[in-house]
Amino acid sequence: MNNNRVGMQFPNELTFKGYAAPVRIEGHVHDLEVIGCIPPELEGTYYRNSADHTYSPLHSNDIFLNGDGMVHMVRFEQGHADLTTRFVRTKKFELERQARRALFGSYRNPFTSSEAVREEDHNTANTSVMLLNKKLYALKESGRPYEIHPDDLTTIGETDFDGQLTSQTFTAHPKFDPKTGECIAFAYNCEGVASDEIEVYIINKEGKFTSSERFKAPYCSMVHDFLVSENYIAFVICPMVCDWDRVKKGEPYWHWDSSKTTHVGVIPRDRGVKAIRWFNVNKSVMQTHTFNAWEDGSKLILDQFVTESGWLSQFPDIHNPDAHELPPFGERWIVDLSGDGGSVEIKRFINHIGEMPVIDARFAMCRTRHFWFGTSNKELGPMLEPGPKGPPFTCLGHFDEQENKLDFYYAGPNSAPEEPCFVPRSSDAEEGDGWLLSMVGRRDENRTDLVILDARNLSQGPVAIVKFPCRVHEGFHGIWVPSTQK
């Protein structure tokens, strides 16, 4: 048989089969079917990013995180909804499409790629999206942002913001100050290789970098997310570590090393990195994603999801290859800034498993009452079989801290909601008054819905369901852009 004539086929691995299988469909559906009525306040666009492998990988054990950036867009207009899906045309995507096969190797590891592309940019632009100065960007923490057109998702190109971005990387989790409009962002592994340096950016609402500073962390760590309050920036340095010698040997980019200490670095926003202070955490834990940071007198409060293992569904434990990933819980870390340093006080403030946390972003950097997240609840329905990201959600959760009350939306049998997105009912509505959007995988039908829920009454079920005629790939993070903001 002539191997040049053999068609492309994905490996029989968890990442590439069943509901997790690559979708790869680019297209547009005008007027999606809607069950119920889309609230009149929903005039705008929901964008979210996903990792959708274009080609069968060079190495069959490739992980979910290494898929190509595929952006999904649902536009809401006068009670109607339209769907657009399109790949981000990264350098990696273009080279592999031209070759009609995978050229790049394992996640962030150029030493496992085809020799011809080892010096090329491996950025997949697959994690989140950002709107800054009316421009839309696809983000991946291991590369620079890609600007995409907000109307049809066509790729405009990679950007360094007119020479202002000095790092080769940029976070997938920028924060926006609701009072000033500033974007606070960062880069780690700034030159594209393992490093203990982190670069912090302050970007005004016109897209000008007003500050760019670097500092050294205690060690090279995965820094996927961070926290910002009105006056401080906080980084959690956790034992998900990278050893470049291991990478060169073809091993995974990250390993969990529980022998290392978790640290919190606190930077005053008005003084910058020269005034950074470090605090120790009395256990080895990993921050998964963050809700919010706020201040109570001399105390800095960090609300986030935390797990006592690394992300072991993706990366191994360096000491115990048979270790299993532990579920995250909502923790409140209290950093007392009145002293000379010391340890961090830890309280569990959401006593339920969860991930993909969301708040009402209009109240970010101050104390909030309402918290939403993806989760499961065995009292409402059974857990689903683990997928390539770990156990899928079966529910969305809402924690009202003032009432100390948990409320859940159960998506139904063999259905998996994804990251929630909060949309306020109006710009001046009270905190939490609005809608919660979430993609829901209908696994028995091999199809996707987008559900719209009253954010403070999840258990009442959807006020509307936007039905997709096909499946779109499971995603990561998304944003809502009102029609008035474009």
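Phe-161 and Phe-209 are both buried. The model behind these exercises is predicted.

**Exercise 1. Classify two ring pairs**

Task: Which class, stacked, tilted or edge-to-face, fits the pair Phe-161 and Phe-209, and which fits Trp-244 and Tyr-253?

Solution:
1. A ring pair is described by the distance of the centres and the angle of the planes.
2. For Phe-161 and Phe-209, the centres are 5.4 Å apart and the planes meet at 45°.
3. Planes under 30 degrees apart count as stacked, over 60 as edge-to-face, and the rest as tilted. The Phe-161 and Phe-209 pair is therefore tilted.
4. Now place the two rings in the fold. Phe-161 sits in the loop between β9 (155–158) and β10 (175–176), and Phe-209 in strand β13 (residues 209–216), so this pair ties together parts 48 residues apart in sequence.
5. Trp-244 and Tyr-253 have ring centres 6.1 Å apart and planes at 85°, so they pair edge-to-face. Both of these residues are buried.
6. Widen the view. Trp-244 and Tyr-253 belong to a cluster linked by ring pairs, together with Tyr-107, Phe-111, Tyr-188, Trp-254 and Phe-315. The whole structure holds 28 aromatic pairs.

**Exercise 2. Find the partners of Ser-284**

Task: Which backbone oxygens does the side chain of Ser-284 reach?

Solution:
1. Locate the residue. Ser-284 is in the loop between β19 (277–281) and β20 (286–296).
2. List its contacts, leaving aside neighbours within four places in sequence. They are Pro-239, Trp-256, Ser-258, Lys-260, Thr-262 and Glu-308.
3. Check the polar atoms. The Ser-284 side chain reaches the backbone oxygen of Ser-258 at 2.9 Å. A polar atom of that side chain also lies 2.7 Å from the backbone oxygen of Lys-260.
4. Follow Lys-260 further. Lys-260 lies over the face of Tyr-219, 5.0 Å from the ring centre.
5. Add another charge over a ring. The charged end of Arg-332 sits over Phe-349, 4.5 Å from the centre of the ring.

**Exercise 3. Judge a lysine**

Task: Is Lys-175 buried or exposed, and which side chain does the side chain of Lys-175 join in a polar contact?

Solution:
1. Lys-175 lies in strand β10.
2. Its relative accessibility is 17%, so Lys-175 counts as buried. The cut-off is under 20%.
3. The side chains of Lys-175 and Asp-225 are joined by a polar contact of 2.9 Å.
4. Beyond neighbours within four places in sequence, Lys-175 has contacts including Glu-182, Cys-183, Phe-226, Thr-290 and Met-365. Asp-225 is also among them.

Conventions. Residues are numbered from 1 along each chain as its sequence is written. This is a predicted model: local features need pLDDT of at least 70, side-chain atom pairs count only at pLDDT 80 or more; totals for chains, interfaces and linings use all residues. Side-chain values use heavy atoms; hydrogens and water are left out. Rings of Phe, Tyr and Trp (its six-membered ring) pair if their centres lie within 6.5 Å; planes under 30 degrees apart count as stacked, over 60 as edge-to-face and the rest as tilted. Helices (H or I, at least four residues) and strands (E, at least two) are DSSP runs, numbered from the N terminus. Buried means under 20% relative accessible area, exposed over 50%, partly exposed in between (1.4 Å probe, protein chains only). A charge sits over a ring if NZ of Lys or CZ of Arg is within 6 Å of the ring centre and within 35 degrees of the ring normal. Contact means heavy atoms within 4.5 Å. A polar contact is a pair of N or O atoms within 3.5 Å; within protein, one must be able to donate a hydrogen and the other to accept it, and residues adjacent in sequence count only if both atoms are side-chain atoms.
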